[in-house]
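Thanks for coming. Please have the sequence and the model open while I talk.

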Amino acid sequence: MLPDLERKLQKELSRYQYPAVAFSAGIDSTLVLASAVKIHGNQCVAIMVKNEAVPQREVEEARRIADFLKCPLIVKEIDVLSLDKVARNNKKRCYYCKKMMLREIKSIAKTQGCSVVLDGSNSDDHNCYRPGAKACKEEGIISPLQNCGINKTNVHNLARYWELPNWEKPSSPCLLTRFPYDMEIPITKELLIAVEQGEDCLRKICRSNFRLRWAGQGSVRIEVTEGEMEAILKHRQELCKTLGDLGFHKITMDLYPFQSGRFDMEK
């Protein structure tokens with residue numbers, strides 16, 4: 001099955017000359033970039049737009065992956081919190097944020113002589129709340145994985161088959177997903193940094209998926225898989241100290257196991 005998927009994906013990628021890949025360092029866009037490099041070599045480029053909601057470690061990982069694939073990487077920083085609908089975490093926040101990012105990527109791609117921009121959307125994304133998908137369609141972004149009917153399981157299997165360095169990487173959505181929709185106070189860069197640093201502490205304890213959700217001024221809620229709950233309690237003093245120093249003095253743990261898109265389900 002994997003050789004068939006490989007051929008199908010590479011046939012799809014061969015249709016696009018001088019492609020730019022909207023790169024996030026996630027496994028989906030990594031697979032698209034790896035396939036583009038296999039087909040087009042140095043005639044493709046990876047473009048990453050860094051905003052306040054993208055952890056710095058993702059930029060560092062993007063550089064490592066691009067070096068591994070021997071592909072040039074362009075990183076551009078933008079201020080998405082300048083958009084009120086993003087700062088207030090409007091229900092369609094992802095659409096407005098994505099629109100701004102994709103327009104910047106297209107502008108950069110044009111200066112590089114690229115004819116098309118590809119992204120890492122896979123076929124499972126049709127089954128999730130993805131307002132950013134509308135922005136991709138409006139901006140003419142091509143999604144090779146979706147065009148080939150490749151889902152998330154296929155992505156991980158192909159990435160492992162190709163021995164990509166991040167094939168085991170879990171999904172890592174932007175930090176804005178840690179906040180409820182329609183915030184009364186705007187999300188600030190400082191608040192995003194505090195959540196990022198809090199999750200860095202959790203990362204030292206948890207081996208699987210986790211999230212640090214904002215639960216009100218000075219409050220956060222820890223979400224982990226069922227198997228990680230004991231570890232959180234074991235390290236609670238360390239967590240209370242670190243999170244307290246970050247300004248979070250009310251800390252709870254969700255007794256429901258981690259589930260991606262929790263705020264989407266609550267609204």
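I will go through the salt bridges, then one helix, then the strands, and finish with two single residues.

First, the ground rules. This is a predicted model, in which local features need pLDDT of at least 70 and side-chain atom pairs count only at pLDDT 80 or more, while totals for chains, interfaces and linings use all residues. Residues are numbered from 1 along each chain as its sequence is written, and side-chain values use heavy atoms, with hydrogens and water left out.

Salt bridges, then. Side chains of opposite charge can pair when their charged atoms come close. The criterion here is a side-chain nitrogen of Lys or Arg within 4 Å of a carboxyl oxygen of Asp or Glu. How many salt bridges does a search of the whole structure find? The count is 21.

Take Glu61 and Lys169, where the closest N and O atoms are 3.2 Å apart. Glu61 sits in helix H3 (residues 56-69), and Lys169 is in the loop between helix H8 (152-161) and helix H9 (189-203), so this pair links distant parts of the chain, 108 residues apart. Helices and strands here are DSSP runs, numbered from the N terminus: H or I of at least four residues for a helix, E of at least two for a strand. Both Glu61 and Lys169 are buried. By that I mean under 20% relative accessible area; exposed is over 50%, and partly exposed is in between, with a 1.4 Å probe and protein chains only.

Next is Glu139, which has two lysine partners to look at. With Lys99 it makes a salt bridge at 3.0 Å, N to O. Lys99 belongs to helix H5 (residues 93-111) and Glu139 to the loop between helix H6 (132-138) and helix H7 (144-147), so the pair ties together parts that are 40 residues apart in sequence. Lys99 and Glu139 are both buried. The salt bridge between Glu139 and Lys106 is also 3.0 Å, N to O. Lys106 is in helix H5 too, so here the parts tied together are 33 residues apart in sequence. Glu139 has a relative accessible area of 11%, whereas Lys106, at 32%, is partly exposed.

There is also a network. Arg57, Glu58, Glu61, Lys169, Asp200 and Arg203 are joined into one by salt bridges that share partners.

Now helix H1, residues 2-13. Its expected span is 1.5 Å times one less than its number of residues. For twelve residues that should come to 16 Å, and the end C-alpha atoms are 16 Å apart, which agrees. Which residues of H1 are buried? They are Leu5, Glu6, Leu9, Glu12 and Leu13. Seen down the axis, they fall within an arc of 130°, so they line one face of the helix; the arc is taken from the directions from the helix axis to the C-beta atoms. An α-helix has 3.6 residues a turn, so residues three or four places apart point the same way. Exposed Arg7 and Lys11 are on the face of H1 turned away from the buried side. The cover over the buried residues includes helix H2 (27-40), strand S4 (116-118), H7 and H8.

On to the strands. One open sheet has three, in the order S5-S6-S7, with mixed pairing; two strands pair if DSSP finds at least two bridges between them. Strand S5 (210-214) and strand S7 (250-253) are at the edges, each with a single partner strand, so one side of each has no neighbour in the sheet. S5 and strand S6 (residues 219-224) run antiparallel and are joined by five bridges. Phe210 has Val224 in S6 as its bridge partner.

Elsewhere, strand S1 (residues 19-22) runs parallel to S2, with three bridges between them. Ala20 stands opposite Val45 in S2. Six of the six residues of S2 (residues 45-50) are buried, so this strand is largely enclosed by the rest of the structure. Val45, Ile47 and Val49 point one way, and Ala46, Met48 and Lys50 the other.

Last, two single residues. Asn154 lies in helix H8 and counts as buried at 8% relative accessibility. Setting aside neighbours within four places in sequence, Asn154 is in contact (heavy atoms within 4.5 Å) with Met1, Leu5 and Gly149. His235 is in the loop between helix H10 (229-234) and helix H11 (236-245). Is His235 buried or partly exposed? At 28% relative accessible area, His235 is partly exposed.
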